[in-house]
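Subject: Structure for your records

Dear colleague,

Please find the structure below for your study. I should be grateful if you would read the notes beneath with the structure open.

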Amino acid sequence: MENAALLDVRAVHKGFAKADGAETVVLDGVDLTLKEGEIVGLLGRSGSGKSTLLRLIAGLSEPGGGSIRYMGRPVDGPPEGLAMVFQSFALFPWLTVLENVEIGLEAIGVPRDERRRRSLEAIDLIGLDGFESAYPRELSGGMRQRVGFARALVVHPNILLMDEPFSALDVLTAETLRTDFLDLWSEGQLPIKGVILVTHNIEEAVLMCDRILIFGSNPGRILREIRVDLPQPRARLDPDFRALVESIYVEMTARRPTEPASAARTERFPGSGIGSVLPRVSTNLLSGLMELVDAAPYNGEADLPVIASALHLEVDDLFPVAETLQMLRFAEFAGGDIKLSAEGRHFAKLDTDERKGLFAKHLLTYVPLAGHIRRVLDERHSQTAPWSRFADELEDYMSSDDAARSLRAVISWGRYAEAFAYDDDTMVFSLDNPGE
Ligand code: ADP
Ligand code: MG
């Protein structure tokens, strides 16, 4: 049994019922194994089903199909021996650090003395020594997250599940905590056997994981597994590290000919009827990225990992910006590169007013929802239309949340371009010039 998997996930399927009774598939055919001594990363963009998979593994929700086995036994409810660290840990503000950690053991009926002893041990291990009697409000974000780790470790779980545990921390704090965690793990000091780490940060995945499962969206599924053979501790500037980061960018931005047809309606851009979900991306970021890539040393074409680190953006921020530029035909985005079109390069050189004009032209031509709104307003005698006029229509294609998100996105772009106006108080679109 020595090499038996700690965890074995086979062909897992998960869907949620939509308002009309149809099913939205969130996970499709997911396989995953975790062996003793491994850190396995689940890397994917927001909405690709990573947290959903973690909840299934933790026994907090049931799969619609497939099987999940923990130490050889089917998971049917939260198994003992799994602990979770979340993005931001909900600490009890009225309890001290020590009490916040002890609470994890109280829940599983550990006697008082042992609770105290193990909690002090976990606190010590994770670098909170001296803060036992502090209250959460007295701690920095990084220290609070350490309490979250201590609370998970104190139960000596076989598997530690981590859902973007560093993403709410500032860059330096996150790096310190990652490094501390890896040091303890490499030295065999952590009372755990395996780790599953959910992240949308490519470098974090390469820094920490033995294997990385890359998730795709709509439906959430595993596109590829990447084994990371670099020895620990890993250096971000090591050429092999950079090459791996680069190849994952390529993987995550690849156009897939096999993309299922059913995804077309919710797929973000290709085809783009008004049924496409639009990302909330600010026009500041759009112009900022065009300016950056247009200028030297890039001169119109740049590597996404380079741009990401120049702008301190992670995939969840950067990919939507690059994809929006692509939708607007200001850039092409593939193979880990972004390349500005002639119009994109032209845009970068214009002054503010000229930019608005060019943006309006592209917005109304290439974003069907924007063109549609503009046509409806043009045709109406009042030249106005309520939010619900478009929201109802979009809800035929997408959830009401996605419809609202898409309308919010198109409103912010329309305002910038002065293509149409929207009044937040009355929730009415109009052709009033928002600039005047
Ligand atoms: P990730 O963690 O990768 O960002 P999630 O697992 O949170 O992704 O979500 C994946 C998809 O499943 C999203 O589109 C989300 O809206 C949907 N989803 C998650 N939970 C529910 C639920 N309880 N009901 C309906 N849809 C859900
Ligand atoms: Mg998540």
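The notes that follow describe the two domains and the contact between them.

This is a predicted model, in which local features need pLDDT of at least 70, side-chain atom pairs count only at pLDDT 80 or more, and totals for chains, interfaces and linings use all residues. Residues are numbered from 1 along each chain as its sequence is written, chains are lettered from A and ligands numbered from 1 in the order in which they are written, and side-chain values use heavy atoms, with hydrogens and water left out.

The protein chain is divided into domain 1 (5-252) and domain 2 (283-430), with bounds taken from an automatic or database domain assignment. Their centres, taken over C-alpha atoms, lie 35 Å apart.

Contact (heavy atoms within 4.5 Å) joins 10 residues of domain 1 to 12 residues of domain 2. The two domains bury about 1200 Å² between them, and carbon and sulfur atoms give 55% of that area. Buried area is the accessible area (1.4 Å probe) that two parts lose on being put together, summed over both. Of the area that domain 1 buries against domain 2, Arg45, His200 and Tyr249 supply 55%, more than any other three residues.

Arg45 also takes part in a salt bridge with Glu323, at 2.9 Å from N to O. The term requires a side-chain nitrogen of Lys or Arg within 4 Å of a carboxyl oxygen of Asp or Glu. Between domain 1 and domain 2 the count is 1 salt bridge.

Yours sincerely
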